[in-house]
Amino acid sequence: MRRNFGAKPLSYPQPVFIIATYNEDGTPNAMNAAWGGISEMTEISLCLSAGHKTVKNIQKRQAFTVSMAEASHVAACDYVGIVSGNTVKDKFAKAGFHSVKSTFVDAPLIEELSVALECKLIDYNPETCILRGEIINVSVDERVIDKDGKVNAEKVEPIIFDPFNNEYLKICGKVGEAFSDGKKLK
């Protein structure tokens with residue numbers, strides 16, 4: 001038996017993206033967003049309402065970064081999602097985040113978060129709230145790269161948003177080999 005929840009934005013997994021920009025004065029800003037994903041080979045799409053300080057910054061600077069939230073920084077990642085950059089001017093610093101300027105786009109990278117997409121704005125539709133960005137570079141902190149040069153997800157400890165229960169969940173444990181395990185059924 002299945003239970004119906006109706007037409008709602010409930011799916012697994014929902015990412016926890018931390019979107020970073022620069023404010024007008026050059027200070028870093030960040031927000032938490034769960035509605036988004038890769039929409040083309042070098043494109044990310046996000047659903048962000050026009051009132052966000054981050055959206056205004058992206059439109060001015062034409063650039064942003066998207067970091068994957070991590071379990072070890074869950075409080076900081078949540079904080080930048082529950083306070084507005086329109087009212088809390090130094091929320092990035094209050095979250096305990098530190099930034100370094102991307103060498104590819106006019107946006108900050110968050111030093112505490114190890115995986116980031118560096119993006120240029122493609123377009124933003126205020127009616128649908130869809131913001132699309134071109135992925136210019138993916139940068140990964142060396143601390144989460146193993147001896148074979150691969151990203152170690154256990155070191156990253158990415159989290160997802162559980163919209164059914166309003167919880168953050170840690171992704172853990174390998175369950176199979178992508179593009180391989182299904183061959184057993186051929």
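## Sheets, helices and cysteines in a predicted model

Strand β6 (residues 63-68) and strand β9 (residues 115-125) run antiparallel and are joined by 5 bridges. That pairing belongs to a predicted model, and it is a good place to start your tour. Both strands sit in an open sheet of 7 strands, and there is also an open sheet of 3 strands. According to UniProt, in an unreviewed entry, residues 10-153 carry the feature "domain: Flavin reductase like".

**The annotated span**

- The stretch that the UniProt entry labels "domain: Flavin reductase like" covers residues 10-153, and its end C-alpha atoms lie 24 Å apart.
- Strand makes up 40% of residues 10-153 and helix 16%.

**The sheet of 7 strands**

- Reading across the sheet, the order is β3-β2-β6-β9-β10-β5-β4, and the pairing is antiparallel.
- From one strand to the next, the twist averages 35°.
- The edges belong to β3 (28-33) and β4 (36-40); each has a single partner strand, so one side of each has no neighbour in the sheet.
- Strands in a sheet pair through backbone hydrogen bonds, in either a parallel or an antiparallel way.
- Where β6 meets β9, you will find Ala 63 opposite Lys 120.
- β9 also pairs with strand β10 (residues 130-140), antiparallel and over 10 bridges; here Cys 119 stands opposite Ile 135.
- β9 and β10 make a hairpin with 4 residues between them, and Cys 129 in the turn has a positive phi of about 70°.
- Over by β4, 4 bridges pair that strand with β5 (residues 43-47) in the antiparallel sense, and Ile 38 has Ile 44 of β5 as its bridge partner.

**The sheet of 3 strands**

- This open sheet has the order β1-β11-β12 with antiparallel pairing.
- β1 (14-15) and β12 (167-170) are at its edges with a single partner strand each, so one side of each lacks a neighbour in the sheet.
- Strand β11 (residues 159-162) pairs with β12 through 4 bridges, antiparallel; Asp 162 has Glu 167 in β12 as its bridge partner.

**Helix α1 and Asn 57**

- Helix α1 (residues 53-61) lies across β2 (17-22), β3, β6, β9 and β10, and runs at about 50° to β2.
- Lys 53, Thr 54, Val 55, Asn 57 and Ile 58 are buried in α1, and the buried residues of this helix pack against β2, β3, β6, β9 and β10.
- An α-helix has 3.6 residues a turn, so residues three or four places apart point the same way.
- Asn 57, a residue of α1, counts as buried because its relative accessible area is 0%, under the 20% limit.
- The side chain of Asn 57 makes a polar contact of 2.8 Å with the side chain of Asn 23.
- Leaving out residues up to four places away in sequence, Asn 57 touches Thr 21, Tyr 22, Asn 23, Glu 24, Asn 29 and Gln 62.
- Gln 62 follows α1 and has a positive phi, near 65°.

**Helix α2 and the loop before it**

- Helix α2 (residues 74-82) lies across β2 and β3, running at about 95° to β3.
- Ala 69 has its place in the loop between β6 and α2, and with a relative accessible area of 1% this alanine is buried.
- Setting aside neighbours within four places in sequence, Ala 69 is in contact with Val 16, Ile 18, Cys 77, Glu 157, Pro 158 and Ile 159.
- Ala 69 and Glu 157 are 88 residues apart in sequence, and their C-alpha atoms are 8.3 Å apart in space.

**The cysteines**

- How many disulfides does a search of the whole structure find? The search finds 0.
- Cys 47 is in no disulfide: its nearest cysteine sulfur, on Cys 129, is 5.3 Å away, whereas a disulfide would need the two sulfur atoms within 2.5 Å.
- Cys 47 counts as partly exposed, because its relative accessibility is 28%.
- Cys 77 is in no disulfide either, and the nearest cysteine sulfur, that of Cys 119, is 17 Å away.
- Is Cys 77 buried or exposed? Cys 77 counts as buried, at 1% relative accessibility.

Note on methods:
Residues numbered from 1 in each chain as written. Predicted model: local features only at pLDDT ≥ 70, side-chain atom pairs only at ≥ 80, totals over all residues. Heavy atoms only, no water. Buried < 20%, exposed > 50% of the residue type's maximum accessible area, 1.4 Å probe, protein only. UniProt positions renumbered as here; feature names shortened; annotations may be inferred. Helix = DSSP H or I, 4+ residues; strand = E, 2+ residues; numbered from the N terminus. Pairing = 2+ DSSP bridges. Axes fitted to C-alpha atoms, helices over the stretch in contact; angles between N-to-C directions. Contact = heavy atoms within 4.5 Å. Polar contact = N/O pair within 3.5 Å; in protein donor to acceptor, adjacent residues only side chain to side chain.
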